[in-house]
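Visitor: I've got a few "how do you know that" questions about this one. Can you walk me through it?
Guide: Sure, let's pull it up.

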Amino acid sequence: MEKEILTCTRTGDSCIHVKHRSGLDIYICEMNGFSSIEAQFGTKYGSINTVFKTSSDPEYTCVPEGIAHFLEHKLFENEDCKVFELYAQTGASCNAMTSFDRTCYFFSCSKNYEENLRILLKFVQEPYFTQENVDKEMGIIGQEIKMTNDNPEWRVFFNMLGCMYHAHPVKTDIAGTAESIAKIDADLLYKCYDTFYNLNNMVLSIAGNISADKVLEICDECLHPCADKGLECVFPDEPDGIVRPEIRETQPVGASIFNLGCKCSPRLGLERLRDVTAASVASSLLTDPALPMCEKLLKDGVINSTFGGEVFYGSGYFTLIFSGESDFPELVREALFNEIDRLLTEGINEKDFQRIKKSSYGALVTELNNVEAVTNLMLSSYIDGISPYDTIEVISALTSADVMDFMRRELRRDRAVLSIIEKEK
Amino acid sequence: MIYERVELSDNVGFTSIIDDKFKSCSLAVYFLTELSDKTAAVNNLATGVLTISNSRYKTYADMCEKLSELYGAVLCSVARKKGNAQILGLRASWLDNKYAIDGEDIGGEMRDLIRSCLFSPNVCGEAFDSDSFALAKKDLLDRIDGELNQKNVYAVSQAVKLAFRDEPASCAAYGSRDAASAASPEDAFRAYQEMLRTAQIEIYYVSPQKDDSLAEMFRENFAEIKRSPKPVKISDHSPLKPEPLTVTEEFDVNESKMVMFFKTDSDDRYALKMLSVIYGELPFSKLFLNVREKLSLCYYCSCISMATKGAFMVESGVERSNIEKAKAEILAQLDEMKKGNITDNEINGALMALDNAVLQITDSPSGYISWFFDCFTDGRFITPQEHYKEFAAVTKERIIAAANSLKPDCVYLMLNKEVQE
């Protein structure tokens, strides 16, 4: 196994990448002076991966919505105990999360990281599903689905995705629905596990007060080599256009909120990173309180300090989302598209562009201060098919012309969806 | 790590923490005042407007432009509470000069900007600038209204009002909507002048290398202010209600919320914390293992000890039809602890978790600031390691005594409207 040292030329930070003989990609960052250790063991398997096959499967398998999240819950149960009980013996804090394109298991500690890492690598590689423990989990996940449906931020986001995507599974709740999870059984969980929890489809990211050599020694001891199964996921054809431009829902909220999403063309690897960076700078310019559009909306009471933007992307989807609290979200939409038109006609002020770039650079460097953020950075870079420090390099090379090009290509009125959660009258 | 606290003026403390592993600098300026319905909102508006503009950057746009030029430096106001105290002020963070691409003095510029925010704010006569004040006021009113957006936060807030009824701690850190609506730029400026004179002030600065210029700036400016600090009694024991109270509200929600409050006359905060960890703070605590995992009654069910008020809270998300079952199991697990059904494994697990947690305090500027501020409010400066030793000294008997000291005080229920009982 060869250790590849990845270095950030701007800050001098570095981490190690190893392609382990088991098939696993491992990222390690030794952070001097820090006490904590964060580790994430992740798979490229999320809620969108509902249709798939391996090279030995004759046909595609189609599984119920919410199964990746269900599997995450069940993997925390060993044959003889719960994983939480193992971590109770070491004092580590542990948890897991499932998103659209990944499932991650993680721990955080400041002592006994060697033992914690062994527990992590072991339990993720040793599934134990029975019909009895699957049935028992239905109630808890049903509660979780209900709870998230009471979260207006969640509702406004999924309502937007539902109006934006015709067929892509990103429009479906990560946890699925009460009906979809009722179709899950132990056999289906094993089928998904065997397909996606193959080390060739997985990554270990670990940072903090660690020794890289010790981490690799534990990996040698605990990882079971896997043959690459030639995993292939397919997604339905997704038209460029949206389903409908607006959706409203009333909820018991104190402040009305909105998501305004622009459906953009999905890309991959470094090409996607360039678009993500351009989109992020465009979003910063369009939500910058220092610039006249936002200054006026704030002064007129149309928006408040919650107004902001974010880039949301993955396999087959890419959206720039503007969000915040407002009683007048239609005015925000109008102002935003008028400002985009103005920028495309008059160009971006170079001083503003350089200021936003500096601000983005500052945020990226500050992230390297934090053990958890570094672990996330390394894991996300694997999932996104890039190198951990590529973002700093790409932002440094970005020009205002790149941002103009992105806005001209992607920020179109006819591909915008406004989702609103309104207060009850 | 190097730590030093000096007194810059009467009850104005400046704590400097130097840790060379960080790439950024962080500052927190806290004003401590007694919580009161009369002053909470206007005090909050006063510190809120400080971060919107100052005499040099006279509009929010100017302020935001300057902060983004300084590599996205962050400046925001703070409003929270601890026991009977309202904690207001501002927090700032910025990239260390070492990482400035064009050699800018980010730290020096931030020092000047913060000086201007605190000691030369944007005023017109005896009032804050009206445009800046209007922005701060809208933001505060929206924060107050928006509390209902997060149902668990709203439920806990209502339960706190019920548990500490007629006490300063019942007041929200933001203050009330009515008081915020009624406040004027003059009121807010007066409130700020009063805070500069009378609040207890604690300042925290975390940086990768020694830099005395911030402390000097604060010393010079506080020398101009005639201080007359008022003591704030943060901690007291909230009285137990004669009969436990239950208050319910109905909303069009899918999941109900239950928040249970207990009161204690115990001052053994380390035993209460150990009790809390074993009972319900972690995924291997009794509440998680039994209420959630074994009986599948709640997606979340956890507890927290509020030692400053002699209170103890259990919060949960639960189906309306399961509320009584969940309550019974929550109380049954507490009874187990009262009877001494606590294993060595549970005690060791709690200690291990606390040991891990205290060591992580030094890994972030905010960890340092919270730690030293808590030491200040507790009136006792100890290291995280000494803190851990206090937990390690807690015996099973002390945990049992802490459990037996808990008496039911009140329950707040947010109920799903659609289910008819």
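**Contacts and strands**

Guide: In this predicted model, 53 residues of chain A are in contact with 47 residues of chain B.

Visitor: What makes residues of chain A and chain B count as in contact?
Guide: Distance: their C-beta atoms, placed from the backbone, have to lie within 7 Å. On the chain A side, 53 residues pass that test.

Visitor: Which element gives the largest share of the side of chain A that touches chain B?
Guide: That's α12(A), with nine residues. Helices supplying at least two residues each include α2 (83-88), α4 (131-149) and α10 (292-299) of chain A.

Visitor: How many residues of that side of chain A are nonpolar, polar and charged?
Guide: There are 20 nonpolar, 21 polar and twelve charged ones. Gly goes in with the polar class.

Visitor: On to the sheet. How do you know that β12 and β14 of chain A pair?
Guide: Pairing takes at least two bridges. Seven bridges join β12 (residues 257-263) to β14 (residues 317-325) of chain A, so they pair, and they run antiparallel. One example is F258(A), whose bridge partner in β14(A) is G324(A).

Visitor: Why are β11 and β13 of chain A called edge strands?
Guide: Because each pairs on one side only. The order of this open sheet of five strands is β11-β15-β12-β14-β13 (chain A), with mixed pairing. From one strand to the next, the twist averages 20 degrees.

Visitor: What packs on the sheet?
Guide: Helix α11 (residues 329-346) of chain A does, touching β12, β14 and β15 (416-423) of chain A. The direction of α11 makes about 35 degrees with that of β12(A).

How values were computed: Residues numbered from 1 in each chain as written. Chains lettered and ligands numbered in written order. Predicted model: local features only at pLDDT ≥ 70, side-chain atom pairs only at ≥ 80, totals over all residues. Helix = DSSP H or I, 4+ residues; strand = E, 2+ residues; numbered from the N terminus. Axes fitted to C-alpha atoms, helices over the stretch in contact; angles between N-to-C directions. Contact = placed C-beta atoms within 7 Å.
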